[in-house]
Amino acid sequence: MAEASGTRMNTREWLMLFSLALVWGATYFFNEVLLRELSTLLVVLGRLALGALILLAVILLRGVHLPRSWRIWGSFMVMGFINNVLPFTLVVWGQNHISGALASILNSTTPLLSLFAVRYLGDGEPITGLKVGAILLGLAGVTVLLGPEVTGGAGWGLLGQLAVLGGACSFALAGVYGRRFASLPPLVTAAGQLASGAVMMFVLILISPVPWPRAFPSPSAWAAFLGLALFSTSLAYILYFRILRSAGPTNVLLVTLLVPVSAIILGAVVLHEVLMLRHLAGMGLIAAALLALDGRLVETLAPKAPAAVTKKSGGRS
């Protein structure tokens, strides 16, 4: 098992990270479908509420007990705000004004922001040139991968970009804060976080002038809600807290570099979209960044230092 403050993950953790990227890769698509009919706050509320209901049902069926400590539920409320309510609202609102591709690039700054959050707010993990360089390389790969799709957006594009960057900062802080749940099962932590976030969103909607839909959501909107809640939220956060507990906040947030890759691959497999040369080039840069962060390839290629030759005291060379 990887050290929480280290940079190396084992094979199981890498597989979980790729699985998390796969289920989160569809989030931007689901958001775009839902925003055609619903407001930002209603999309976030529906995602959190349905996701919480799914996980609470699983907990009930498995006979798992939820914590009764008010201190733990207070921590769930904080986590639900900085990992769900605030970043989801900022990112979804931002997608009203910028393209999903640009939003995913801006969200890919999360692991870089996490390095500073862990260094100054967490366990003091040092910020090395290799980590910064590898994450910047991955960010460049995401930019190349998405290419011309980055352009586009309404006149409020700058505010939309700042909103998504604010969401990335919140995700980075949540990665540090979430380490306190290491002793709890990931299923319980995910359910507590989502339930707390859903309650806060419901209260926020009650006190906000939210435009309610004029018509009942269409079947496609309900299908998007179900996919968003079941895969991109419930399953995703179980994986998220498992990786966070074993590999640490910086490693789990590397998923933001992989989400655009999974979105492109899903488009090619499901929608039969064409893979272009820039897609392959971007994926190559991201793969190189992840290999550098993993550390094993760097150690293999690095020249070995010669063993020191010891001399006996008073002996001849």
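Start with H9 and H10: H9 passes H10 in a right-handed crossing. The model on screen is predicted.

**Stop 1: H9 against H10**

Select residues 186–206 for H9, then residues 219–247 for H10. The two axes come within 8 Å and cross at roughly 125°. That angle makes H9 oblique to H10. Now show side chains at the contact. On the H9 side, pick Pro 186, Leu 187, Thr 189, Ala 190, Gln 193 and Leu 194. On the H10 side, pick Thr 233, Tyr 237, Ile 238, Phe 241, Arg 242 and Arg 245. Colour the contact by class: seven residues are nonpolar, three polar and two charged.

**Stop 2: H3 against H10**

Keep H10 and add H3, residues 40–62. How far apart are the axes of H3 and H10, and at what angle do they pack? They lie 8 Å apart, at an angle of about 60°. That makes H3 oblique to H10. The crossing of H3 with H10 is right-handed.

Select the H3 face of this contact: Leu 42, Val 43, Gly 46, Arg 47, Leu 50, Gly 51, Ile 54 and Leu 55. Opposite them in H10 are Phe 225, Leu 228, Ala 229, Leu 230, Ser 232, Thr 233, Ser 234 and Ile 238. By class, this contact has ten nonpolar residues, five polar and one charged.

Pause on Thr 233 and Ile 238. Both belong to the H10 side of the contact with H3, and both belong to the H10 side of the contact with H9.

**Stop 3: H3 against H9**

Hide H10 and leave H3 and H9 on screen. Their axes come within 8 Å, crossing at roughly 145°. Which hand does the crossing of H3 with H9 have? H3 passes H9 in a left-handed crossing. The residues of this contact divide into 22 nonpolar, two polar and one charged.

**Stop 4: the second largest pocket**

Bring H10 back and turn to the second largest pocket. About 210 Å³ of space lies in it. Select its lining in two steps. Begin with Leu 38, Leu 42, Leu 45, Gly 46, Ala 49 and Leu 50. Then add Trp 212, Pro 213, Pro 217, Trp 222 and Phe 225.

Which helices supply at least two residues each to this lining? They are H3 and H10. The largest share, five residues, comes from H3. By class, the pocket lining has ten nonpolar residues, one polar and no charged.

Some of these residues were on screen earlier. Leu 42, Gly 46, Leu 50 and Phe 225 line the pocket, and Leu 42, Gly 46 and Leu 50 of H3 and Phe 225 of H10 also take part in the contact between those helices.

**Stop 5: the largest cavity**

Switch on cavities. The structure holds three of 30 Å³ or more. Go to the largest, with a volume of about 310 Å³. Its lining has 24 residues, and the closest to its centre are Trp 24, Tyr 28, Phe 88, Asn 107 and Phe 171.

Next, display the elements that give two or more residues to this lining: H2 (27–35), H3, H4 (70–94), H5 (100–107), H10 and H12 (255–270). Finish by colouring the cavity lining by class: 15 residues are nonpolar, eight polar and one charged.

How values were computed:
Residues are numbered from 1 along each chain as its sequence is written. This is a predicted model: local features need pLDDT of at least 70, side-chain atom pairs count only at pLDDT 80 or more; totals for chains, interfaces and linings use all residues. Side-chain values use heavy atoms; hydrogens and water are left out. On a 1 Å grid over the protein atoms alone, a cavity is a set of points where a 1.4 Å probe fits but cannot get out, and a pocket is an open set with protein on both sides within 12 Å along at least five of seven lines; lining residues have an atom within 4 Å of a point. Grid points are joined across faces, edges and corners, and a volume is the space filled by probe spheres set on the points. Helices (H or I, at least four residues) and strands (E, at least two) are DSSP runs, numbered from the N terminus. Ala, Val, Leu, Ile, Met, Phe, Trp, Tyr, Cys and Pro count as nonpolar, Asp, Glu, Lys and Arg as charged, and the others, Gly among them, as polar. Axes are lines fitted to C-alpha atoms, for helices over the stretch in contact, and angles run from 0 to 180 degrees between N-to-C directions. Angles under 35 degrees count as roughly parallel, over 145 as roughly antiparallel, 65 to 115 as roughly perpendicular and the rest as oblique. A crossing is left-handed if the near helix is turned anticlockwise from the far one by less than a right angle, and right-handed if clockwise. Contact means heavy atoms within 4.5 Å.
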